[in-house]
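Open the model in your viewer and keep the selection box at hand. The stops below tell you what to select next and what is there.

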Amino acid sequence: MRVYVPLTLPALAEAHRTGELGTGPFVAYAVTPALREWYLSEDIEELEYAALSRAALASLRLLAADPDAARRRVVVAVDVPDGAASADPDRGLDPAALGEVTVRTSVPLAKAAAVHVDAEGAGPDVAAAARALAAADGGDDDAQFVVDGADDHELLWYATQEIPNLVARG
């Protein structure tokens, strides 16, 4: 199962240092039955993009909680064994939990398929989105517009061999 793990650049640096993406349990995003129902598509690439987008939002939440982290969203795509990740059926239809899964096993960073990171130029919009997130969660439409502005920036794809350069530039 392909899962998308939301991180920050400091968390990616730590994963690179330790060689562990996560020791379980940890939250990731994947194509779940609830995500399929919400997205109304059978195209697996579209569904995986939706799961990646959900992980990017979770990365934004991590940035909002860590004001010292570089203002770039980070998502690591990794394949885990079937059964290693599961969705909570009680939260399946909760809009905030769409695509959310819990990975219960350790995942070596070496198993990662790719890393998705904002371009450096996205920093100001991502920073504004991180600042506006709490207000958007409270129903402020203007703040939601700012948060949605981060989605105007596509996450760039990096091979896992590029992780040392990504964390060095931080």
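Start with G139. This is a predicted model, and here G139 falls in the loop that runs between α4 (123-137) and α5 (141-150). Is G139 buried or exposed? Its relative accessibility is 52%, so G139 counts as exposed, because the exposed class begins over 50%. Now add A15 to the selection and draw a C-alpha to C-alpha distance. The two residues are 34 Å apart in space and 124 residues apart in sequence.

**Rings and a charge**

Clear the selection and pick W38 and Y39. How many aromatic pairs does the search count? The count is 1 aromatic pair. W38 and Y39 form it, with ring centres 6.1 Å apart and 50° between the planes, a tilted arrangement. The tilted label follows because planes under 30 degrees apart would count as stacked and those over 60 as edge-to-face. W38 is partly exposed, at a relative accessible area of 46%. Y39 is also partly exposed, at 32% relative accessibility.

Keep W38 on screen and add R54. The charged end of R54 sits over the W38 ring, 5.8 Å from the ring centre.

**Salt bridges**

Side chains of opposite charge can pair when their charged atoms come close. How many salt bridges does a search of the whole structure find? It finds 6 salt bridges. The next selections visit some of them.

Select D79 and R2. Their side chains meet in a salt bridge, 2.8 Å from N to O. D79 belongs to strand β4 (residues 74-79) and R2 to strand β1 (residues 2-7), so this pair links distant parts of the chain, 77 residues apart. Colour by accessibility if you like. D79 is partly exposed, with a relative accessible area of 40%. R2 counts as partly exposed at 28%.

Next, select E42 and R36. This salt bridge spans 3.8 Å, N to O; the cut-off is 4 Å. Are these two partners exposed or partly exposed? E42 is exposed, at 68% relative accessibility. R36 is partly exposed, at 33%.

Move to D137 and R61. Their side chains meet in a salt bridge at 2.7 Å, N to O. D137 lies in helix α4 and R61 in helix α3 (residues 44-65), so the pair ties together parts that are 76 residues apart in sequence. R61 counts as partly exposed, with 37% relative accessibility.

Now select R73, D118 and D151 together. Salt bridges that share partners join these three into one network.

**Last stop: R73**

Stay with R73 and hide the rest of the network. Where is R73? It sits in the loop between α3 and β4. R73 is buried, with a relative accessible area of 2%; the buried class covers values under 20%.

Show the backbone oxygens around R73. Its side chain reaches the backbone oxygen of A150 at 3.0 Å. The R73 side chain also reaches the backbone oxygen of H153, at 2.9 Å.

Finally, display the contacts of R73, leaving aside neighbours within four places in sequence. Which residues appear in contact with R73? Select A56, S59, L60 and L63, which are among them. Add H116, V117, D118 and V126, also in contact with R73. Complete the set with A150, D151, H153 and L155. The network partners D118 and D151 are included in this contact list.

Terms used: Residues numbered from 1 in each chain as written. Predicted model: local features only at pLDDT ≥ 70, side-chain atom pairs only at ≥ 80, totals over all residues. Heavy atoms only, no water. Helix = DSSP H or I, 4+ residues; strand = E, 2+ residues; numbered from the N terminus. Buried < 20%, exposed > 50% of the residue type's maximum accessible area, 1.4 Å probe, protein only. Phe/Tyr/Trp six-rings, centres within 6.5 Å; stacked < 30°, edge-to-face > 60°. Lys NZ or Arg CZ within 6 Å of the ring centre and 35° of its normal. Polar contact = N/O pair within 3.5 Å; in protein donor to acceptor, adjacent residues only side chain to side chain. Contact = heavy atoms within 4.5 Å.
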